[in-house]
Amino acid sequence: MAERPSLLMATRSAGKLRELGPMIREAGFELVTLADLGVAPAPDEDSVEAHATFEENALAKARYYFGRTRSLARPPAAVLADDSGLEVLALDGAPGVHSKRWSGGALEGQALDDANNARLVEVLRGGTDRCARYVCVAAIKSARREWHARGECGGVILTTPRGDDGFGYDPYFFSDELRKTFGEATRAEKETVSHRARAVRAVLELWRAVEGKAS
């Protein structure tokens, strides 16, 4: 049996690792994390995703971590990175690429999610158009090539949260396809329709077709 290609998932988000890790392993790849490789946080990490589009940010992040892991004794075969966000029609696509830090400040984890959601509720207060979509672009960088793919899913923003699962804006995002919020959905349900799962699944297929064939 051929060795499973190693793929670094370049994120420090526990939510993303929890959501996408099983899917990547089930697709036949050896998932490694930044913690597994001992890649410590660096001061310049937050400045990598400084571009105007999801595509540019995802590719920049994949290139950055690919470069940081080349000197390791066993560098991964490739690096997977993503940039994703929420686009609200009534806000002209905001928060978009600024979704993670929309509320400002230096918060992390649940505190950051709470602050972002509080701002979302406030700016939409009294509005009638609450249509939104989640967008993700996933990118893979290897020594020879790079790929990227986009995934989207539509829904509406609720006035109150539902569900305790998911992360980010998930408790407020009511999925058109699931007819429940991403905060109410199981991991398996979310994987069938989420923007991030669609983008990652598509970019894995692009990589596999060229150089990531797994048995």
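**Entry 1: Cys153**

I began with Cys153, which counts as buried because its relative accessibility is 4%, where buried stands for under 20% relative accessible area, exposed for over 50% and partly exposed for what lies in between, with a 1.4 Å probe and protein chains only. The model is a predicted one, in which local features need pLDDT of at least 70 and side-chain atom pairs count only at pLDDT 80 or more, while totals for chains, interfaces and linings use all residues. I kept to numbering from 1 along each chain as its sequence is written, and to side-chain values that use heavy atoms, with hydrogens and water left out.

I placed Cys153 in strand 5, taking helices (H or I, at least four residues) and strands (E, at least two) as DSSP runs numbered from the N terminus. I then listed its contacts, meaning heavy atoms within 4.5 Å; leaving aside neighbours within four places in sequence, Cys153 is in contact with Ala132, Arg133, Tyr134, Phe173, Glu177, Phe182, Val193, Ser194, His195 and Arg198. For His195 I also noted the C-alpha to C-alpha separation, which is 5.3 Å across 42 residues of sequence.

**Entry 2: the sheet**

I next traced the sheet to which strand 5 belongs, and found six strands in an open sheet with mixed pairing, in the order 2-1-3-4-5-6; two strands pair here if DSSP finds at least two bridges between them. The edges are strand 2 (30–33) and strand 6 (173–175), each of which pairs on one side only. From one strand to the next the twist averages 35°, with axes taken as lines fitted to C-alpha atoms, for helices over the stretch in contact, and angles running from 0 to 180 degrees between N-to-C directions.

Strand 5 (residues 146–157) runs antiparallel to strand 6 and is joined to it by three bridges, and I noted that Ile157 has Phe173 of strand 6 as its bridge partner. On the sheet packs helix 6 (residues 195–210), which touches strand 1, strand 3, strand 4 and strand 5 and makes about 160° with the direction of strand 5. Helix 3 (residues 54–69) lies across strand 1 (6–9), strand 3 (78–88), strand 4 (131–142) and strand 5, and runs at about 155° to strand 3.

**Entry 3: strand 3**

How many of the eleven residues of strand 3 are buried? I counted eleven, so the strand is mostly covered. I then checked the two faces separately: Ala78, Leu80, Asp82, Ser84, Leu86 and Val88 are buried on one side, and Val79, Ala81, Asp83, Gly85 and Glu87 are buried on the other.

Strand 3 runs parallel to strand 1, with three bridges between them, and there I found Leu8 opposite Val79. With strand 4 the pairing of strand 3 is antiparallel and extends over eleven bridges; one pair that I looked up is Gly85 with Val135 of strand 4.

**Entry 4: Pro76**

I followed the chain back to Pro76, in the loop between helix 3 and strand 3, and found it buried, with a relative accessible area of 4%. Not counting residues up to four places away in sequence, Pro76 touches Ser6, Leu8, Val32, Leu37, Thr69 and Arg70. Its C-alpha atom is separated by 8.7 Å from that of Ser142, 66 residues apart along the chain.

**Entry 5: Asp170**

Is Asp170, in the loop between strand 5 and strand 6, buried or exposed? Asp170 counts as buried, because its relative accessibility is 2%. Its side chain reaches the backbone nitrogen of Phe167 at 3.1 Å. Beyond four places in sequence, Asp170 touches Tyr134, Asp165, Thr181, Phe182, Gly183 and Lys190. I also looked up Thr69, which is 101 residues from Asp170 in sequence and 32 Å away in space, C-alpha to C-alpha.

**Entry 6: the whole chain**

I closed with the totals for the protein chain, which has six helices and six strands, arranged from the N terminus on as β-α-β-α-α-β-α-β-β-β-α-α. Its radius of gyration is 17 Å, which agrees with the value near 17 Å for a compact globule of 215 residues, where the radius is taken over C-alpha atoms and the globule rule is 2.2 Å times the number of residues to the power 0.38. The C-alpha atoms fill a box of roughly 55 × 35 × 25 Å along the principal axes. I noted that 48% of the 215 residues count as buried, and that residues 24 or more positions apart account for 60% of the contacts with a separation of 6 or more.

Notes: Polar contact = N/O pair within 3.5 Å; in protein donor to acceptor, adjacent residues only side chain to side chain.
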